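Q: I would like to learn how to read a structure like this one. Where should a beginner start?

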Amino acid sequence: DEVEELRCEMLEIRDMFQEEELYQLQALQLQLEQAKKTCRILQYRLRKAERRSIRVAQTGQVDGELIRSLEHDIKVCSQEKFTLNKQ
């Protein structure tokens with residue numbers, strides 16, 4: 001009878017750990033999805049910046065919007081890098 005009680009306690013503890021691991025896995029999956037979304041956005045912005053830099057190289061004119069856009073992208077990249085490194 002005592003052995004059965006211990007067995008039941010072990011199963012309960014195991015179930016609690018499995019639930020906690022499941023919650024952690026779900027949280028990590030959400031973070032991964034957010035990171036993937038951010039990466040897609042940054043890839044799009046990188047391609048856009050590359051096109052603009054080609055235009056600047058051809059015309060020799062730098063527009064303020066390009067500089068602001070690049071500064072914003074650098075800030076977003078830095079934040080995402082910090083978030084990913086923290087994990």
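Q: How many positive and negative side chains does the chain have, and how far apart do the centres of the two sets lie?

A: Before counting, note that this is a predicted model. To read charge, count each sign and then see where each set is centred. Here there are 15 positive and 17 negative side chains. The centres of the two sets lie 21 Å apart.

Q: What does the secondary structure of the chain come to?

A: Secondary structure is read by listing helices and strands. This chain has two helices and zero strands. Helix H1 takes in residues 2-59, and helix H2 takes in residues 64-86.

Q: Why is the chain said to be more spread out than a compact globule?

A: The idea is to set the radius of gyration against a rule for globules. For 87 residues that rule gives 12 Å, whereas the chain has a radius of gyration of 24 Å, well over the rule, so the chain is more spread out than a compact globule. Its C-alpha trace spans about 85 × 15 × 15 Å along the principal axes.

Q: What share of the 87 residues is buried?

A: A residue is called buried when its relative accessible area is under 20%. Buried residues make up 11% of the 87 residues in this chain. The accessible surface of the chain comes to about 7800 Å², and carbon and sulfur atoms hold 57% of that surface.

Q: Is aspartate 73 buried or exposed?

A: Compare its value with the cut-off. Aspartate 73, in helix H2, has a relative accessible area of 9%, so it is buried because the cut-off is under 20%. Leaving out residues up to four places away in sequence, aspartate 73 touches Leu42 and Arg45.

Q: Which residues does threonine 38 touch, not counting those up to four places away in sequence?

A: Contacts of this kind show which parts of a chain meet. Threonine 38 lies in helix H1 and touches Val76 and Glu80. Threonine 38 is also buried, at a relative accessible area of 11%.

Q: What is the relative accessible area of isoleucine 41?

A: Some residues fall between the buried and exposed classes. Isoleucine 41, in helix H1, has a value of 36% and is partly exposed. Glutamate 19 is found in helix H1 too, and at 45% relative accessibility it counts as partly exposed.

Q: How far apart in space are isoleucine 41 and leucine 25?

A: Read separation in sequence and separation in space together. These two are 16 residues apart in sequence and 24 Å apart, C-alpha to C-alpha. For glutamate 19 and isoleucine 74, 55 residues apart along the chain, the C-alpha atoms are separated by 38 Å.

Q: Which residues does the UniProt annotation "coiled-coil region" cover?

A: An annotation comes from a record, and the model can be read beside it. The unreviewed UniProt entry places this region at residues 18-52. In the model that span is 100% helix and 0% strand, and its end C-alpha atoms lie 50 Å apart.

How values were computed. Residues are numbered from 1 along each chain as its sequence is written. This is a predicted model: local features need pLDDT of at least 70, side-chain atom pairs count only at pLDDT 80 or more; totals for chains, interfaces and linings use all residues. Side-chain values use heavy atoms; hydrogens and water are left out. Helices (H or I, at least four residues) and strands (E, at least two) are DSSP runs, numbered from the N terminus. The radius of gyration is taken over C-alpha atoms; the globule rule is 2.2 Å times the number of residues to the power 0.38. Buried means under 20% relative accessible area, exposed over 50%, partly exposed in between (1.4 Å probe, protein chains only). Accessible areas come from the Shrake-Rupley method with a 1.4 Å probe; for residues, only the protein chains shown count as cover. Lys and Arg count as positive and Asp and Glu as negative; His and the chain ends are not counted. The place of a charge is taken as NZ of Lys, CZ of Arg, CG of Asp or CD of Glu. UniProt positions are given in the numbering used here, feature names are shortened, and annotations may be inferred rather than shown by experiment. Contact means heavy atoms within 4.5 Å.
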